[in-house]
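Biologist: Please show me the structure, and then I will ask how its descriptions are justified.

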Amino acid sequence: MPSPICLLSRPPHLTAPSCDRLTRTLAQGLDIVEDFFSASEARGWVLPPSGMTEVDGHKFEFRKARKKINGSKQVPGGVLRSPSNTSTSRRDPMAAAGEEPRQPRAPSFTRGQSFDLPNMLDESQILSYDHLCKLAHHLPNSVVGCSWKLAYGTDVHGISLRTMYRNMRDLEGPILLAVRDTADHIFGVLSSTQFRVSDKFLGNGHCFLYTFHDSLNLEIFTWTGENDFFVKGDPDSLCFGSGDGVFGLWLDENFFCGSSCKCKTFDNKVLASEEQFHIKSAEAWCFRHHA
């Protein structure tokens, strides 16, 4: 496929008005492509590494084409600006041709689609709409588009770790755990496996810890590779991440209290409001593929 730049020279058989229409049509196509890239970046979409170079390359070519059409210049931060206007809006080729300028067009993505808000089969008492959207961007590809099902919640099933284990007996991972402490700090873990009693640590490098600062600022702590102490269930406790005798997150059997320390597995900060905290509520979510 020829580069978009090659399409900018006027074909010898086209008149000036025809070439102007061709230019406007190409500009409209470039607008759509740039809207797509902008929306993708804003939502934190991660493209497969095998396609990243090709997509980035096309993005660069499209913006070069836009630069040649509009007479715009690239400025630090990646915003295209017109030489005669320092606003963030791009010069519209239709306006330059004396026609009515087009209104800015929002990307054609609607709130509530599967890549925006997860399909919730149950209502969360801990995670808000914004929490869900932020967490959804960090889930493994295997559960993208799946429905979220509440496997265990202290407000629904009572405060018992044994009940959580029992509810997960026939489930597979991953499992998302959300905890709210009595200071209303929200944090938790994404586990690659269900929670159950075991004599050793389970899980793999897809596990991560997370916490929300100032209610909505999400911070993720991924596997460091230092050890494989991901998830371990005991009859009287549940822990995630370890090293040097401490745990990244530890919860007691009655979901009454817990602790969070920096650990080698995730190199995390303290997830809760304090290292030692009291639990207000907890939820564990599983993911169901559509039939």
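**Burial, contacts and cysteines**

Modeller: This is a predicted model. Outside the residues up to four places away in sequence, Leu202 touches Thr193, Arg196, Phe230 and Val231. Leu202 itself sits in the loop between β6 and β7 (208–213).

Biologist: Why is Leu202 called buried?

Modeller: Buried means under 20% relative accessible area. Leu202 has 14%, so Leu202 is buried.

Biologist: How far apart are the C-alpha atoms of Leu202 and Val231?

Modeller: They are separated by 5.1 Å, although the two residues are 29 apart along the chain.

Biologist: What makes a set of residues a nonpolar core?

Modeller: Its members are buried residues of certain kinds, Leu, Met and Phe among them, joined through side-chain atoms within 4.5 Å. The largest such core here has 31 residues, and Met164, Leu177, Phe195 and Phe240 touch the most other members. Among the elements that give two or more residues to this core are β4 (147–153), α6 (161–167) and β10 (237–243). β13 gives the most, with 5 residues. A second, separate core has 18 residues, including Leu132 and Trp285.

Biologist: How many disulfides are there?

Modeller: The count is 0.

Biologist: Why is Cys263 in no disulfide?

Modeller: A disulfide needs two cysteine sulfur atoms within 2.5 Å. For Cys263 the nearest cysteine sulfur, that of Cys261, is 8.8 Å away, so Cys263 is in no disulfide.

Biologist: Is Cys263 buried or exposed?

Modeller: Cys263 has a relative accessible area of 4%, which is under 20%, so Cys263 is buried. Cys133, at 9%, also counts as buried.

Methods:
Residues are numbered from 1 along each chain as its sequence is written. This is a predicted model: local features need pLDDT of at least 70, side-chain atom pairs count only at pLDDT 80 or more; totals for chains, interfaces and linings use all residues. Side-chain values use heavy atoms; hydrogens and water are left out. Buried means under 20% relative accessible area, exposed over 50%, partly exposed in between (1.4 Å probe, protein chains only). Helices (H or I, at least four residues) and strands (E, at least two) are DSSP runs, numbered from the N terminus. Contact means heavy atoms within 4.5 Å.
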